[in-house]
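Q: Could you take me through one part of this model at close range? I'd like to start from a single residue and work outwards from there.
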Amino acid sequence: MKQKENALIALKGGVPESVPCWFSDYELMFVSPMGERPPLGETEGYDAYGVHLSASASAGGAFTPTPTVPPVLTDITQWKEQVHFPDYDSVDWEAAYQKDEAAFHWDRENKVQDMFCANGLFERMHFLMGFEDALCALYEEPEAAEELITAIADTKIKFIRHALKIYKPDVFTFLDDYAHQSGLFMSLDMFREFFKPHLKRIRDAVKEEGVLFKIHCCGNMEALTQEYIDIGVDAIDPVQPMNDVVAMKKLLGGKIGIVGGLDVQNVID
């Protein structure tokens, strides 16, 4: 059995011949028009939403908003005036694909092609306005928060419909952290009200293109297991060991793959 075939079995919640390894059995499919980070090779710069980002050592080299640069969104009720959304309709997707494929030489035959979409619904919200203000906005201005989250989801879906048709990944990974070391950033009711319906819309758009949908959520996110079952995700990562991985596997019942179970903070990084 090829490593790709073996990895796909595990990704779908099945029992593979051997435990696959993301670092050897997958390839990260970089999509240059995504605009969720500065241009490749840069350690700081603006993303397509106008947020200034810097590579953060504390985040393992991931990009986070530059703390010395003011946030894009200062008043969530003014999001229509203050937030710039990327225009995916104007992208020459065929040209972008040819450029990216020539740069990365993806091995489609032997490795799972994993397209990462950074900065999901909640992440994009707090990238725009700051972490504390984003959480407060859910309480103080729920109508404006719902409008902004809807607009972010609509933009993500537009990207999905363009990119997946041209790049044709095996799996689409949607990164959206809702948890810290010991629990969720918000109540389950709030997750269900503001984010779950839009995650379902995003999942459905991915599945319409015949691609597996993997969701990424760091931290102690065990409380979201049933929510992800309801949404219909195909796999979850990184499922860090502060979660009860055995209990999660029992609840998932082979319906959803687990990519993780390892200590990504103290071992992998």
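Where does Asn119 lie, in terms of the elements on either side of it?

A: Asn119 sits in the loop between β5 (112-117) and α5. Keep in mind that this is a predicted model. The backbone at Asn119 deserves a look: its phi is near 60 degrees, which is a positive value in a residue other than glycine. Asn119 also counts as buried, because its relative accessibility is 6% and the cut-off for buried is under 20%.

Now step along to helix α5, which covers residues 121-129. This helix is mostly covered, with nine of its nine residues buried. By name, they are Leu121, Phe122, Glu123, Arg124, Met125, His126, Phe127, Leu128 and Met129. So what does the covering? The elements over the buried residues of α5 include the strands β3, β4 (63-65) and β6 (171-175), along with the helices α6, α7 and α9 (196-208). At the other end, α5 is followed by Gly130, and there phi is positive again, near 95 degrees.

One of those buried α5 residues, Arg124, makes a good link to the next stop. Arg124 lies over the face of Tyr49, 3.8 Å from the ring centre. Tyr49 itself counts as buried, because its relative accessibility is 1%. The ring of Tyr49 has an aromatic partner too: with Phe85 it forms an edge-to-face pair, 5.9 Å centre to centre and with 70 degrees between the planes. Tyr49 belongs to the loop between β2 (44-46) and β3 (52-55), while Phe85 belongs to the loop between α3 (79-82) and α4 (93-104), so the pair ties together parts that are 36 residues apart in sequence.

That pair is part of a longer list, as the count comes to 24 aromatic pairs. Ring pairs also join Phe30, Tyr88, Trp93, Tyr97, Phe104, Trp106, Phe159 and Tyr167 into a cluster.

While you're in the loop between β2 and β3, have a look at Gly50, which lies there as well. Gly50 is partly exposed, because its relative accessible area is 33%, between the cut-offs of 20% and 50%. If you want a sense of scale, the C-alpha atoms of Gly50 and Leu262 are separated by 34 Å, and the two residues are 212 apart along the chain. In the loop between β3 and β4 you'll find Gly60, which is exposed, with a relative accessible area of 59%. The C-alpha atoms of Gly60 and Val15 are separated by 31 Å, with those positions 45 residues apart along the chain.

Back to the helices over α5. Two packed helices are described by the angle between their axes and the distance between the axes. Take α6 (residues 131-140) and α7 (residues 142-167): they pack at an angle of about 120 degrees, and their axes are 6 Å apart. That angle is why α6 and α7 are called oblique to each other. On the α6 side, the contact is made by Ala137, Leu138, Tyr139 and Glu140, and on the α7 side by Pro142, Ala145 and Ile149. Sorted by class, the residues of this contact are six nonpolar, no polar and one charged.

Then there's α7 with α9, packed at an angle of about 10 degrees with axes 10 Å apart. Since angles under 35 degrees count as roughly parallel, that makes α7 roughly parallel to α9. From α7, the residues involved are Glu146, Ile149, Thr150, Ala153, Asp154, Lys156, Ile157, Ile160, Arg161 and Leu164, and they meet His198, Arg201, Ile202, Ala205, Val206 and Glu208 in α9. By class, this contact has eight nonpolar, two polar and six charged residues. Ile149 of α7 turns up in the contact with α6 and again in the contact with α9.

One last backbone stop, to set beside Asn119. In the loop between β8 (235-237) and α11 (245-252) you'll find Pro238, and the peptide bond from Asp237 to Pro238 is cis, with omega near 0 degrees. Val239 has its place in the loop between β8 and α11 too. Its phi is near 45 degrees, a positive value in a residue other than glycine. Val239 counts as buried, because its relative accessibility is 1%.

Technical notes
Residues are numbered from 1 along each chain as its sequence is written. This is a predicted model: local features need pLDDT of at least 70, side-chain atom pairs count only at pLDDT 80 or more; totals for chains, interfaces and linings use all residues. Side-chain values use heavy atoms; hydrogens and water are left out. Axes are lines fitted to C-alpha atoms, for helices over the stretch in contact, and angles run from 0 to 180 degrees between N-to-C directions. Helices (H or I, at least four residues) and strands (E, at least two) are DSSP runs, numbered from the N terminus. Angles under 35 degrees count as roughly parallel, over 145 as roughly antiparallel, 65 to 115 as roughly perpendicular and the rest as oblique. Contact means heavy atoms within 4.5 Å. Ala, Val, Leu, Ile, Met, Phe, Trp, Tyr, Cys and Pro count as nonpolar, Asp, Glu, Lys and Arg as charged, and the others, Gly among them, as polar. Rings of Phe, Tyr and Trp (its six-membered ring) pair if their centres lie within 6.5 Å; planes under 30 degrees apart count as stacked, over 60 as edge-to-face and the rest as tilted. Buried means under 20% relative accessible area, exposed over 50%, partly exposed in between (1.4 Å probe, protein chains only). A charge sits over a ring if NZ of Lys or CZ of Arg is within 6 Å of the ring centre and within 35 degrees of the ring normal.
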